[in-house]
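Here are a few short exercises for you to try with the structure on screen. Have a go at each task before reading its solution.

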Amino acid sequence: MTDRQSSDEASSKASAWNPAQYAHFGGFRDRPFHELVARIGAVEPKVVVDLGCGPGDLTLTLADRWPDAHVVGVDSSAEMLEAARAADAGHRVEWVQATAENWDGAEASGCVDVLVTNATLQWVPSHLRLIPSWVSALAPGGTFAMQVPANFDAPSHRLMREVAARHSRADDLAPGLDRAAGTALPETYAALLLEVSADVDVWQTTYLQVLAPPADGTHPVLDWVKGTGLRPVLGVLTDTAERDAFVADYEAELEKAYPRRPFGVLFPFTRTFAVARAAEV
Ligand SMILES: C[S@@+](CC[C@H](N)C(=O)[O-])C[C@H]1O[C@@H](n2cnc3c(N)ncnc32)[C@H](O)[C@@H]1O
């Protein structure tokens, strides 16, 4: 094995989606999904797709709601799909490994009646181009429902970029952090969807989350971002000393921005939601 291969493998392990780390804050992460799908009015959809389904627990709630539908969970991560298959003891969902960029809903699943994509499109830089094509390919009267974080100017992410900028590997870290900053303003999603649908609902919610520190005493916001936003950094910093230096610097900044209090740490988190309904033809 070459050095390059071994470093690529280490990097892909460090930045791979980790279902266990992601599940730490399951309650906080589930709520936006449920608030999103509550706005979907479909009664008897035939095909329901969850694009970026992650560990599958939320996809299974779609199968609970529409037991007669063909429910498909799509994700690019083999680790996440393995967790999803393990959670689906009744084989109620078809699990498909594909990227959002390459997934062709109409070809893969037939006419899609409900397309849900929760907390995923921030990882898909071309999503503003893809969304109109997905909505246009829905079955008549079908629904597109998305939720993305709108926290890239929050201290958690701003400080991550600042610490990266003064790190010895700043040039290597910058592209991953830029790429993660990939969500648009709510107005942009609304305008985009109104081009292809007359029935559009876009909103934002800020959740004032109270995080408890994990047992090892790590700052809870650091523990949170380890499962998502910090992954591009961890994927680059495969050398332990380099990584520890980054994490120590970043955690010290988080301690100031999100002070520990007797009840935990207050971590405001804003999310953007959009639901659009295709015309009945
Ligand atoms: C933050 S998790 C959200 C998972 C799930 N939707 C939920 O709400 O719990 C993001 C998911 O998007 C997947 N993902 C990231 N980039 C992707 C891409 N380009 N195409 C498909 N899935 C992607 C990841 O593997 C991960 O499972």
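**Exercise 1.** Work out the strand order of the open sheet of 7 strands and find the strands at its edges.

*Solution.* In this predicted model, the order is E3-E2-E1-E4-E5-E7-E6, and the pairing is mixed. Now look at the two ends: strand E3 (93-97) and strand E6 (199-211) each have a single partner strand, so one side of each is left without a neighbour in the sheet. Finally, compare directions: ignoring which way they run, neighbouring strands are turned by 15° against each other on average.

**Exercise 2.** Describe how E1 pairs with E2, and find the helix that packs on the sheet there.

*Solution.* Start with strand E1 (residues 47-51) and strand E2 (residues 70-75), which pair in the parallel sense over 5 bridges. One pair to locate is Asp-50 with its bridge partner Gly-73 in E2. Next, find helix H4 (residues 57-65), which packs on the sheet and touches E1, E2, E3 and E4. The direction of H4 makes about 165° with that of E2.

**Exercise 3.** Decide how far strand E5 is enclosed, and describe its pairing with E4.

*Solution.* Count buried residues in E5 (residues 138-149): 9 of the 12 are buried, so the strand is largely enclosed by the rest of the structure. Then turn to strand E4 (residues 112-118), which pairs with E5 in the parallel sense over 6 bridges. Here Val-112 stands opposite Leu-138 in E5.

**Exercise 4.** Describe the packing of helices H8 and H13.

*Solution.* H8 (residues 155-165) and H13 (residues 240-257) pack at about 145°, with axes 10 Å apart. The crossing is right-handed.

Note on methods
Residues numbered from 1 in each chain as written. Predicted model: local features only at pLDDT ≥ 70, side-chain atom pairs only at ≥ 80, totals over all residues. Axes fitted to C-alpha atoms, helices over the stretch in contact; angles between N-to-C directions. Helix = DSSP H or I, 4+ residues; strand = E, 2+ residues; numbered from the N terminus. Left-handed = near helix turned anticlockwise from the far one by under 90°. Buried ≥ 20, exposed ≤ 12 C-beta atoms within 10 Å, placed from the backbone. Pairing = 2+ DSSP bridges. Contact = placed C-beta atoms within 7 Å.
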